[in-house]
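Visitor: I would like to learn how to read a model feature by feature. Could you take me through one?
Guide: Gladly. Here it is.

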Amino acid sequence: DLSRNQLRELPEAVCSLAALEELHVGENQLTRLPVALGRLQSLRVLYLGSSQLTELPEAVCSLAALEVLDLGNNALTRLPAAIEHLSSLRVLVLEGNPLQLPPLPVLRYDAAVAARRFFRDL
């Protein structure tokens with residue numbers, strides 16, 4: 001658990017932990033994530049809430065095992081279209097972001113399914 005450590009960036013060494021299933025890095029000062037995060041193919045839970053993220057790299061959308069993605073209370077204005085590829089995603093937390101795309105009404109009920117449907121229909 002790397003939460004609440006005032007991290008400005010995620011250490012690259014974390015991205016080499018191939019068997020890692022949960023990563024808690026919320027409540028830090030992260031503004032971006034390394035592309036290498038996409039190498040964590042065993043990752044099921046990713047908590048990034050209450051950081052200062054301004055964008056979500058498409059590499060996160062290649063995490064096939066990801067079930068929980070908490071992006072709440074960041075500075076995200078959009079999500080990558082590739083988010084529809086997160087087929088195992090069950091929980092997607094987006095509250096507290098100034099999202100412009102997809103529109104917030106799309107995300108009110110069953111967010112993960114609605115987000116995938118929204119991007120598929122673009």
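Visitor: How many disulfides does the count come to?
Guide: Keep in mind that this is a predicted model. The test is a pair of cysteine sulfur atoms within 2.5 Å. By that rule the count is 0 disulfides.

Visitor: Are C15 and C61 buried or exposed?
Guide: Buried means under 20% relative accessible area. C15 has 2%, so C15 is buried. C61 has 5%, so C61 is buried too.

Visitor: Now a loop residue. Where is N97 found?
Guide: Place it between the flanking elements. N97 sits in the loop that runs from β4 (91-93) to α1 (111-120).

Visitor: Why does N97 count as buried?
Guide: Compare its value with the 20% limit. The relative accessibility of N97 is 8%, and therefore N97 counts as buried.

Visitor: Which backbone atoms does the side chain of N97 pair with?
Guide: Look for N and O atoms within 3.5 Å. A polar atom of the N97 side chain lies 3.1 Å from the backbone nitrogen of L76. The N97 side chain also reaches the backbone oxygen of L94, at 2.9 Å.

Visitor: Which residues are in contact with N97, leaving aside neighbours within four places in sequence?
Guide: With those neighbours set aside, the list is L71, G72, N73, N74, A75 and L76. L76 thus appears in this list and in the polar pair at 3.1 Å.

Visitor: Let us turn to Q41. Where is Q41 found?
Guide: Q41 belongs to the loop between β1 (22-24) and β2 (45-47). Its C-alpha atom is 7.9 Å from that of A19, with their positions 22 residues apart along the chain.

Visitor: Why does Q41 count as partly exposed?
Guide: Partly exposed lies between the 20% and 50% limits. Q41 has a relative accessibility of 38%, so Q41 falls in that class.

Visitor: What does the side chain of Q41 reach?
Guide: The backbone oxygen of S62, at 3.1 Å. Beyond four places in sequence, Q41 is in contact with S62, L63, A64 and A65.

Visitor: Last, pockets. What volume does the largest pocket have?
Guide: Rolling a probe the size of a water molecule over the atoms shows where empty space is left. Here the largest pocket has a volume of about 150 Å³.

Visitor: Which residues lie nearest its centre, and how does the lining divide?
Guide: Of 13 lining residues, S3, G26, E27, Y47 and G49 lie nearest the centre of the largest pocket. The lining divides into 2 nonpolar, 7 polar and 4 charged residues.

Methods. Residues are numbered from 1 along each chain as its sequence is written. This is a predicted model: local features need pLDDT of at least 70, side-chain atom pairs count only at pLDDT 80 or more; totals for chains, interfaces and linings use all residues. Side-chain values use heavy atoms; hydrogens and water are left out. Helices (H or I, at least four residues) and strands (E, at least two) are DSSP runs, numbered from the N terminus. Buried means under 20% relative accessible area, exposed over 50%, partly exposed in between (1.4 Å probe, protein chains only). Contact means heavy atoms within 4.5 Å. A polar contact is a pair of N or O atoms within 3.5 Å; within protein, one must be able to donate a hydrogen and the other to accept it, and residues adjacent in sequence count only if both atoms are side-chain atoms. On a 1 Å grid over the protein atoms alone, a cavity is a set of points where a 1.4 Å probe fits but cannot get out, and a pocket is an open set with protein on both sides within 12 Å along at least five of seven lines; lining residues have an atom within 4 Å of a point. Grid points are joined across faces, edges and corners, and a volume is the space filled by probe spheres set on the points. Ala, Val, Leu, Ile, Met, Phe, Trp, Tyr, Cys and Pro count as nonpolar, Asp, Glu, Lys and Arg as charged, and the others, Gly among them, as polar.
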